Amino acid sequence: MSKKVSVIVSVYNEEQALPEFYRHTSAVLAGLAENSLPWDYEMIFVNDGSQDGSLTFLEELARQDERVKVVSFSRNFGHEAAMIAGLDYCSGDMAVCMDADLQHPPECIPRILQKAEEGYEVVNMVRTKNRSAGLLKNITSAGFYWFINAVSDVNFEANASDFFAVSGRVAGILKKNYREKVRFLRGYVQNLGFKKVNLEYEARERVAGKSKYSLKKLFHFAVNTILCFSNMPLKLGIYAGLFSGGLGLAVMVYTIWTWLRVGAPSGYATIVVLICFMFSVLFFVTGIIGEYIAILFNEMKDRPVYIVEETKNLDPSDVPLEGKRP
C-alpha cells in the first residue's frame, strides 16, 4: 500500500501565481514514481480570505482534479492559521507546508520524501539564499534569530522558513496540543523533538505578486514570537531596577564629592535627567507586561484560530478542532 503526502499551501491573493504553482507542483508530484518514491498525494489549498480571483480558480481546479482540496476561510486569519488549518485537514503520512509563490521549490519534495523513507519525522528546510529579499530584510532576519536564541531556552535554526514537513504523527500532535492563538508554527516544528533533519534550499524570485508581509507585520510577528518563547523580557524590570539603583548610587557619590570640593551643586539638571530616565524605564517595563497580559487575554477568550466557510473535495463531516463552520 503506497503512502500519501499532503502538500499544504497557504493562499492569500495569489491569483496570478496559482496556475504556475499548480502546473509545476503537480508535475513534480506526478513524477514521484520516477524517483522510486511511489507516494500518492493530495494538494490542500487554504484560501486565507483572498479578495482577488484566487478562490474562483481553486474551485475550478478542484472540479478538474480530485486530488486538489480547498479550505476557504470566512475572512483573513493569517498565514499561520492557514498552515494550521491545512494540518488539521490533511490525511497524508507526510505533510509538506509551502507557499504558493514558488519561492519554496517544489523540486525539493522528492528530497523531503526520501528523508521520510529514511525514518525522519521532521524535515526543516533551511534557506541558504533569498533572491527577492533586500539587504535590510536579510539583516533583520539574522538579527531576529540571534536575539530569540539568546533570550529563549530553545534553539531555533537560523534561516528556517515556513517550508517544512512533518509526519502524520507529528501533525497529530500539532492538531491536538499546539492551539495557541498567538503562535510561531515553525518554532514548534523545530522543537517538538522526534527524528529530524535539515535540508538546504535556495529561495527563488516570486513567480508573481508581492510579499504580504510588510515591515510592520514582520515586527509584530517578531515581538509575539519572542514573548511566546521567552520570559526574559519580564525580568527586565529586575535588571532595570538594579541598573537604576546603581546609577542613583553613582549620582549620590558624585553629588557628595562635588559638595566637598566646590560646595552644594545645582541639582536641577540631574533631577530632570534621572526622572526622565526612570519614567522611560518604568513605561517600557509596563509595556512589556502589557504585551504578556494581552497574549494571556487572547488565550483566555479561547476564540477559534480560524473559521471555515466552505470546503471542496473534503468530507463535510471532517470538521477539525477549531474550524467550526458558521
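Me: Why is glutamate 310 called partly exposed?
Reply: Glutamate 310 has a relative accessible area of 24%. Buried means under 20%, exposed means over 50%, and partly exposed is the range in between (1.4 Å probe, protein chains only). The value of 24% falls in that range, so glutamate 310 is partly exposed. This is a predicted model, in which local features need pLDDT of at least 70 and side-chain atom pairs count only at pLDDT 80 or more, while totals for chains, interfaces and linings use all residues. Residues are numbered from 1 along each chain as its sequence is written, and side-chain values use heavy atoms, with hydrogens and water left out.

Me: What makes glutamate 310 and lysine 312 a salt bridge?
Reply: Their closest N and O atoms are 3.8 Å apart. A salt bridge requires a side-chain nitrogen of Lys or Arg within 4 Å of a carboxyl oxygen of Asp or Glu; the pair therefore qualifies. Lysine 312 is itself partly exposed, with a relative accessible area of 28%. By this rule the count comes to seven salt bridges.

Me: What places arginine 23 and glutamate 20 about one helical turn apart?
Reply: They are three residues apart in helix H1 (residues 18-30), and so about one helical turn separates them. Helices (H or I, at least four residues) and strands (E, at least two) are DSSP runs, numbered from the N terminus. Arginine 23 and glutamate 20 form a salt bridge, with the closest N and O atoms 2.5 Å apart. Glutamate 20 is partly exposed at 27%.

Me: Why is arginine 63 called exposed?
Reply: Its relative accessible area is 59%, and so arginine 63 passes the exposed cut-off. Its salt-bridge partner is glutamate 60, at 2.7 Å from N to O. Glutamate 60 is partly exposed, at 34%. Both residues belong to helix H2 (residues 54-64).

Me: Why does lysine 69 have no salt bridge?
Reply: The nearest side chain of opposite charge, glutamate 42, is 4.5 Å away. Lys and Arg count as positive and Asp and Glu as negative, while His and the chain ends are not counted. The distance of 4.5 Å is outside the salt-bridge limit, and therefore the pair does not count. Lysine 69 is nevertheless buried, and its place is in strand E3 (residues 68-73). Among the residues in contact with lysine 69 (heavy atoms within 4.5 Å), leaving aside neighbours within four places in sequence, are Glu42, Phe45 and Leu314.

Me: How do you know that cysteine 90 and cysteine 97 are too far apart for a bond?
Reply: The sulfur of cysteine 90 is 7.9 Å from the closest cysteine sulfur, which belongs to cysteine 97. A disulfide is a pair of cysteine sulfur atoms within 2.5 Å; 7.9 Å does not meet this limit, and therefore the two are not bonded. A search of the whole structure finds zero disulfides. Cysteine 90 is buried at 9%, and cysteine 97 is buried at 0%.

Me: Why is leucine 102 called buried?
Reply: Leucine 102 has 5% relative accessibility, and so it meets the cut-off for buried. Leucine 102 lies in the loop between strand E4 (94-99) and helix H4 (109-117). Its phi is near 70 degrees, a positive value in a residue other than glycine.

Me: Why is phenylalanine 194 called partly exposed?
Reply: Phenylalanine 194 has a relative accessible area of 33%, which means that it belongs in the partly exposed class. Phenylalanine 194 is found in the loop between helix H7 (185-190) and strand E7 (196-203). Although not a glycine, phenylalanine 194 has a positive phi of about 65 degrees.
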